Amino acid sequence: MGILVVGTVAFDSVKTPSGTRTDVLGGTATYFSVAASYFSDVSIVAVVGEDFPEEHIAFLQRKGIDTSGLERHKGNTFRWKGEYGSDLNICTTLDTQLNVLADFSPKLLSTHRAQEYIFLGNIDP
């Protein structure tokens, strides 16, 4: 069984009552892929910018995630900034910068089309 994941790979900046983190690896495709990698083969289709470090790609690959569908485009990676209060079920989005995601049109390789399941993250269909 294999899962194709199409969604966002991002830099998240998050403030919680416990602290603040800036430009950490995030995005729906990232979170889902890492979680699913414990149970299945995973292929990711997403876009990142020139500012995306190779160490993050290496992290995904160490999890056994196929990154052949991870495109690198000229420009900056998608960024999201949010804040959580004492109720962690409620988040306020403070900033969203689409950057390279704004013009992204997913391209599926033949190996991606052969996957049994697909997970669609939060991108414009």
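**Exercise 1. Work out the strand order of the open sheet of 4 strands, and name its edge strands.**

Solution. Start with the order: the open sheet of this predicted model reads β5-β4-β1-β8, and the pairing is parallel. Next, look for strands that pair on one side only: these are β5 (65-72) and β8 (117-120), the edge strands. To finish the picture, take the twist: on average, neighbouring strands of this sheet are turned by 15° against each other, direction ignored. As a reminder, strands of a sheet pair through backbone hydrogen bonds, either parallel or antiparallel.

**Exercise 2. How many bridges join β1 to β4, and which residue of β4 partners G2?**

Solution. Find β1 at residues 2-6 and β4 at residues 41-48; the two run parallel and are joined by 5 bridges. Now pick out G2: its bridge partner in β4 is D41.

**Exercise 3. Is T67 buried or exposed, and what does T67 contact beyond its sequence neighbours?**

Solution. First place T67: it sits in strand β5. Its relative accessible area is 11%. Buried means under 20%, so T67 counts as buried. Then set aside neighbours within four places in sequence, and the contacts of T67 are I44, I57, L60 and Q61.

**Exercise 4. Do the same for G26: where does it lie, and is G26 buried or exposed?**

Solution. G26 belongs to strand β3, which covers residues 19-26. With a relative accessible area of 0%, G26 is buried. Outside the four places on either side in sequence, G26 contacts T8, V9, A10, D12 and Y31. Lastly, take L70, 44 residues away along the chain: its C-alpha atom and that of G26 are separated by 14 Å.

How values were computed
Residues numbered from 1 in each chain as written. Predicted model: local features only at pLDDT ≥ 70, side-chain atom pairs only at ≥ 80, totals over all residues. Heavy atoms only, no water. Buried < 20%, exposed > 50% of the residue type's maximum accessible area, 1.4 Å probe, protein only. Contact = heavy atoms within 4.5 Å. Pairing = 2+ DSSP bridges. Axes fitted to C-alpha atoms, helices over the stretch in contact; angles between N-to-C directions.
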